[in-house]
Amino acid sequence: MKSIQVFDPSMCCSSGVCGTDVDALLVAFSADVNWLKAKNVDIERFNLAQQPMAFVEHAAVAGFLETAGAEGLPLTLVNDQVVLTGRYATREELMRWAGLNVTASETSVDVSTSTSCCSSSCKC
């Protein structure tokens, strides 16, 4: 099975889907990640503000940050190989990297299944 890792820029919460000015692309991407997890795809997200050691401990990510800086994030790895930088993957790209067959009905994003990360401790 392929492993997908997404290294996000600094955000107030793990998904970035919180606050009053929510980015629609982050909502869609969070929904895609949840959808893939429901299909038992090995996909993880790491937030620079909340999990900085994940960035430091991964040689490819640390090297990327030294060269491109945090402005180059997000960074997506598949089996520890860089496959995408500077933007979030589409559902079609994620499905291809995970080895899932792409069908027309599965390429549309249902953002109603995404959840906000905000809680009383979120300072968005």
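In this predicted model, arginine 91 lies over the face of tryptophan 35, at 4.2 Å from the ring centre. Arg91 is also one of the buried residues of helix 4, and that helix is described further below.

**Overall make-up**

The protein has 124 residues, of which 42% are buried. Its secondary structure consists of four helices and four strands, and along the sequence these follow the pattern β-α-β-α-α-β-β-α. Among contacts with a separation of 6 or more, 63% are between residues 24 or more positions apart. The accessible surface is about 6,800 Å², and carbon and sulfur atoms account for 52% of that surface.

**The sheet**

In what order do the four strands stand in the sheet? The order is 2-1-3-4, in an open sheet with mixed pairing. Strand 2 (42-47) and strand 4 are at the edges with a single partner strand each, so each has one side without a neighbour in the sheet. On average, neighbouring strands are turned by 20° against each other, direction ignored. Helix 1 (residues 24-38) packs on this sheet and touches strand 1 and strand 2; the direction of helix 1 makes about 140° with that of strand 2.

Strands of a sheet pair through backbone hydrogen bonds, either parallel or antiparallel. Strand 3 (residues 75-78) runs antiparallel to strand 1 (residues 3-8), and four bridges join them. Strand 3 is also antiparallel to strand 4 (residues 81-85), again with four bridges. Some of the residue partners are listed here.

| Residue | Partner | Strands joined, with bridges |
|---|---|---|
| Isoleucine 4 | Valine 78 | Strand 1 and strand 3, four bridges |
| Leucine 77 | Valine 82 | Strand 3 and strand 4, four bridges |
| Leucine 75 | Threonine 85 | Strand 3 and strand 4, four bridges |

Strand 3 and strand 4 form a hairpin with two residues between them. In the turn, asparagine 79 has a positive phi of about 50°.

In a regular strand the side chains alternate between the two faces of the sheet. Are the two faces of strand 3 covered or uncovered? Both are covered: Leu75 and Leu77 are buried on one side, and Thr76 and Val78 are buried on the other.

**Helix 4**

Helix 4 (residues 91-98) has eight residues, and six of them are buried, so the helix is largely enclosed by the rest of the structure. The buried residues are Arg91, Glu93, Leu94, Met95, Trp97 and Ala98. Their cover includes strand 1, helix 1, strand 2, strand 3 and strand 4. Glycine 99, just after helix 4, takes a positive phi of about 85°.

**Aromatic pairs**

A pair of aromatic rings is described by the distance of the centres and the angle of the planes. There are three aromatic pairs in the count. In one of them, phenylalanine 7 and phenylalanine 55 are edge-to-face, 5.1 Å centre to centre with 80° between the planes. Phenylalanine 7 belongs to strand 1 and phenylalanine 55 to helix 2 (residues 52-57), so this pair ties together parts 48 residues apart in sequence. Both of these phenylalanines, 7 and 55, are buried.

Phenylalanine 29 and tyrosine 88 have ring centres 4.7 Å apart and planes at 40°, so their pair is tilted. Phenylalanine 29 is in helix 1, while tyrosine 88 is in the loop between strand 4 and helix 4, so the pair ties together parts 59 residues apart in sequence. Phenylalanine 29 is buried at 2% relative accessible area. Tyrosine 88 has 18% relative accessibility and therefore counts as buried, since the cut-off is under 20%.

Ring pairs also link Phe7, Phe46 and Phe55 into a cluster.

How values were computed
Residues are numbered from 1 along each chain as its sequence is written. This is a predicted model: local features need pLDDT of at least 70, side-chain atom pairs count only at pLDDT 80 or more; totals for chains, interfaces and linings use all residues. Side-chain values use heavy atoms; hydrogens and water are left out. Buried means under 20% relative accessible area, exposed over 50%, partly exposed in between (1.4 Å probe, protein chains only). Two strands pair if DSSP finds at least two bridges between them. Contact means heavy atoms within 4.5 Å. Accessible areas come from the Shrake-Rupley method with a 1.4 Å probe; for residues, only the protein chains shown count as cover. Axes are lines fitted to C-alpha atoms, for helices over the stretch in contact, and angles run from 0 to 180 degrees between N-to-C directions. Rings of Phe, Tyr and Trp (its six-membered ring) pair if their centres lie within 6.5 Å; planes under 30 degrees apart count as stacked, over 60 as edge-to-face and the rest as tilted. A charge sits over a ring if NZ of Lys or CZ of Arg is within 6 Å of the ring centre and within 35 degrees of the ring normal.
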